[in-house]
Amino acid sequence: MTQRVTCSDGVTLFATAEGPEDVPALLFAHEFGGDWRTWDDQVAAFKHRFRCIRFCARGFLPSQVPGDLALYGQSRAIDDLLAVADHFELGRFHLVGCSMGSFTALQCALGRSERVLSLTLVGCSSGPEDGAERESYRQDLRREIDLLESKQGAGAVQWFADDPAYQRMASKRPASWRSYLARLENQSVTGALLTLRSVHWNRLSLFEQKD
């Protein structure tokens, strides 16, 4: 079942729910290089025992892609995740995130722990700890932004294909890797750029959140 979720600022998100409604829910938040299909294997495995809900973040098709940078950011991403939970009337839920989605999931759990039954984080960034790390981190982001601006969707493909962290996927699951790259090339460049310039550019450090 696919639906459109309307967020507090009117932006709409694509979301889907699978599995029975009278069981605990699993809510999945995808990574920057993915979309709702990131979780195909997990949903196939869990949908008989859990209500599996996944969505595309704003800026990621087929969700809406606002053109205003002010409509993006980490706090907005947290609000969007909760908007999806509220849309499907989830009081409490198991929360799963990957990379960008894992950081959002963590921030959601820190702020709204009463909603979260369990938290599973895959590839959660610690964020840049100090000024030097932040500058190095933003230099990497600038290179990715430049690639996207100059090569559009092909730039996203090149960035992830060159990343050493993804080389094992390319060798171990070549068919999945090709599908992954095809999805990247067909995503919204506008949404990717605005996400990089907001959610990623202003990434907090976990060391700032020790308390």
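User: Let's start small. In which strand is His94 found?

Analyst: His94 sits in strand E5, which runs over residues 93–98. Keep in mind that this is a predicted model.

User: And how do I read its accessibility: is His94 buried or exposed?

Analyst: The idea is to compare relative accessible area with a cut-off: under 20% means buried. His94 comes in at 18% relative accessibility, so it counts as buried.

User: Which residues does His94 touch, leaving out those up to four places away in sequence?

Analyst: Here you look past the sequence neighbours. His94 touches Pro24, Ala25, Leu26 and Leu27, along with Phe50, Leu117 and Ser118.

User: Zooming out, what pattern do the helices and strands follow along the sequence?

Analyst: Count the elements, then read their order. There are eight helices and six strands in the protein, and they run β-β-β-α-β-α-β-α-β-α-α-α-α-α.

User: Why is the protein called as compact as a globular one of its length?

Analyst: You set the radius of gyration against the globule rule. The protein has 17 Å, close to the 17 Å the rule gives for 211 residues, so it is as compact as a globular protein of that length. The C-alpha trace spans about 45 × 45 × 35 Å along its principal axes.

User: What share of the contacts with a separation of 6 or more comes from residues 24 or more positions apart?

Analyst: That share is 71%. As for burial across the protein, 46% of the 211 residues count as buried.

User: And how many charged side chains are there?

Analyst: Tally each sign, then compare the centres. The protein carries 24 positive and 27 negative side chains, with the centres of the two sets 4 Å apart.

Note on methods:
Residues are numbered from 1 along each chain as its sequence is written. This is a predicted model: local features need pLDDT of at least 70, side-chain atom pairs count only at pLDDT 80 or more; totals for chains, interfaces and linings use all residues. Side-chain values use heavy atoms; hydrogens and water are left out. Helices (H or I, at least four residues) and strands (E, at least two) are DSSP runs, numbered from the N terminus. The radius of gyration is taken over C-alpha atoms; the globule rule is 2.2 Å times the number of residues to the power 0.38. Buried means under 20% relative accessible area, exposed over 50%, partly exposed in between (1.4 Å probe, protein chains only). Contact means heavy atoms within 4.5 Å. Lys and Arg count as positive and Asp and Glu as negative; His and the chain ends are not counted. The place of a charge is taken as NZ of Lys, CZ of Arg, CG of Asp or CD of Glu.
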